[in-house]
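User: I'm new to reading structures and would like a close look at one part of this one. Could you pick a spot, walk me through it slowly, and then show me how the helices around the chain pack?

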Amino acid sequence: MNFCKQLFICLSLIAIAYADDDDDDVGMTSEELVDALEPFGENCDPKPEREHIKQMVKNDENPHQNSKCFRHCLMQEFELISEGSTTMNEEKAVDMLSMMFTDGTEDLQDIVKICNGENEGIAEKCENAHMHGMCILRELKKRNYKIPQPG
């Protein structure tokens, strides 16, 4: 898998990448990103349908439960969150975010700490993963990071 695809797969785990069909900077359409993510759903329980993956990619704030569970499955796959944990691995999450936002390590550490603090009480794993993604997206926007938006 090439670096660009790997980067977008990783970033989609935490809900910050939306590949707009007209966005030349992204290099992948939303459909290509969904195509790249689909194989990762094969071992997830519940197995997501294509529509669930699209909801996650588009950062839908109120997605189907299977979209939330797919995010959790991916976060586990990439060791961002351990089974039974309600917090993200700070080092791995910051490393992943740093692939896209290279000049903000302190901000990114802050964001992960904030989101871990907000979500450590959410025991349901799928909801927890979804809320982490939404928190990171919200915090990045607050700090004026350029986030690709749905068209």
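**A close look at Leu80 and the helix packing**

Analyst: Let's start with one residue: Leu80 counts as buried, because its relative accessibility is 0% and the cut-off for buried is under 20%. Keep in mind that this is a predicted model. Leu80 isn't in a helix run; its place is the loop between helix H4 (65-77) and H5. Where does the chain bring Leu80 and Glu90 in space? Their C-alpha atoms are 7.9 Å apart, with their positions 10 residues apart in sequence.

Glu90 is a handy signpost, since it leads us to a helix pair. Glu90 belongs to the H5 side of the contact with H6, along with Ala93, Val94, Leu97 and Ser98. On the H6 side you'll find Thr105, Leu108, Gln109, Val112 and Lys113. Sorted by class, this contact has 5 nonpolar, 3 polar and 2 charged residues.

So how do these two helices sit against each other? In general, two packed helices are described by the angle between their axes and the distance between the axes. Here, H5 covers residues 90-100 and H6 covers residues 105-119; their axes come within 9 Å and cross at roughly 130°. That angle makes H5 oblique to H6, because oblique takes in the angles left over once roughly parallel (under 35 degrees), roughly antiparallel (over 145) and roughly perpendicular (65 to 115) are set aside. The crossing of H5 and H6 is right-handed.

While we're at H6, have a look at Asn116, which is in that helix. Is Asn116 buried or exposed? Asn116 is buried, because its relative accessible area is 10%, and under 20% counts as buried. Leaving aside residues up to four places away in sequence, Asn116 touches Thr87, Met88 and His132.

Now hop back along the chain to a second pair. Helix H2 (residues 30-37) packs with helix H3 (residues 50-57) at an angle of about 120°, and their axes are 10 Å apart. That makes H2 oblique to H3. This pair has a right-handed crossing too. H2 brings Glu31, Leu33, Val34, Asp35 and Leu37 to the contact, and H3 brings Arg50, Ile53, Lys54, Met56 and Val57. By class, that's 6 nonpolar, no polar and 4 charged residues.

Some of H3 is tucked away: His52, Ile53, Gln55, Met56 and Val57 are buried. Just after H3 comes Asn59, with a positive phi near 55°.

The loop between H2 and H3 holds Phe40. Phe40 is partly exposed, because its relative accessible area is 21%, and buried needs under 20%. The C-alpha atoms of Phe40 and Cys73 are separated by 8.5 Å, though the two residues are 33 apart along the chain.

Finally, step back to the whole chain. There are 7 helices and 0 strands. Of the 151 residues, 48% are buried. Among contacts with a separation of 6 or more, 57% join residues 24 or more positions apart. The chain exposes about 7,600 Å², and carbon and sulfur atoms supply 43% of that area.

How values were computed: Residues numbered from 1 in each chain as written. Predicted model: local features only at pLDDT ≥ 70, side-chain atom pairs only at ≥ 80, totals over all residues. Heavy atoms only, no water. Helix = DSSP H or I, 4+ residues; strand = E, 2+ residues; numbered from the N terminus. Buried < 20%, exposed > 50% of the residue type's maximum accessible area, 1.4 Å probe, protein only. Contact = heavy atoms within 4.5 Å. Areas by Shrake-Rupley, 256 points an atom, 1.4 Å probe, with all protein chains shown as cover. Axes fitted to C-alpha atoms, helices over the stretch in contact; angles between N-to-C directions. Left-handed = near helix turned anticlockwise from the far one by under 90°. Nonpolar A, V, L, I, M, F, W, Y, C, P; charged D, E, K, R; others polar.
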